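Visitor: Please walk me through this fold, strand by strand.
Guide: Gladly; here is the entry.

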Amino acid sequence: MERFVAVAPTDCTVVQVKVAVGDEVSAGAVLAVVEVMKIEHLVTSDVDGTVESVAVTVGDVLDRDDEVARVFPGTITRGAELMRADNDTGMRAEIGRAHV
């Protein structure tokens with residue numbers, strides 16, 4: 001099965017990591033928050049599943065297309081949907097994505 005890989009959209013700095021390996025997330029869940037030109041952006045999952053790896057820590061400086069996290073698609077248990085991104089935060093969720 002394809003893994004979902006969240007990647008950096010451009011050069012940026014990681015300001016928050018919201019998940020850990022083994023966490024269940026739903027599509028739209030925030031995996032990390034990065035800063036680009038003093039504006040925070042959400043890195044989100046495109047799929048329901050389990051976080052397989054987290055490739056960043058707070059303070060990391062990323063280049064475009066650097067891996068942020070991998071999610072193994074699958075069924076999630078009740079409650080994982082609570083990790084879904086809150087669209088009222090004023091932060092943008094337009095980070096690059098890839099499936100491998």
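Guide: Two strands count as paired if DSSP finds at least two bridges between them. The model is predicted.

Visitor: In what order do the four strands of the open sheet lie?
Guide: The pairing in this open sheet is antiparallel. Its edge strands are β5 (39-44) and β7 (61-62), each pairing on one side only. The order is β5-β4-β2-β7.

Visitor: Which residue is the bridge partner of glutamate 35 in β5?
Guide: β4 and β5 run antiparallel, joined by six bridges. Glutamate 35 has its bridge partner in β5. That partner is glutamate 40.

Visitor: How many bridges pair β6 with β8?
Guide: β6 covers residues 49-54 and pairs with β8 in the antiparallel sense. One bridge sets serine 53 against arginine 70 in β8. The number of bridges between β6 and β8 is five.

Visitor: Which residue in β8 stands opposite valine 7?
Guide: β1 and β8 also pair in the antiparallel sense, over four bridges. Valine 7 stands opposite a residue of β8. That residue is glutamate 67.

Visitor: Which strand gives the most to the largest nonpolar core?
Guide: That core has 20 residues, and Val25, Leu31, Leu62 and Val68 have the most contacts inside it. At least two core residues come from each of β1 (4-7), β2 (12-17), β4 (30-36) and β8 (67-73). With four residues, the strand that gives the most is β4.

Technical notes: Residues numbered from 1 in each chain as written. Predicted model: local features only at pLDDT ≥ 70, side-chain atom pairs only at ≥ 80, totals over all residues. Heavy atoms only, no water. Core = buried A, V, L, I, M, F, W, Y, C linked by side-chain atoms within 4.5 Å. Buried < 20%, exposed > 50% of the residue type's maximum accessible area, 1.4 Å probe, protein only.
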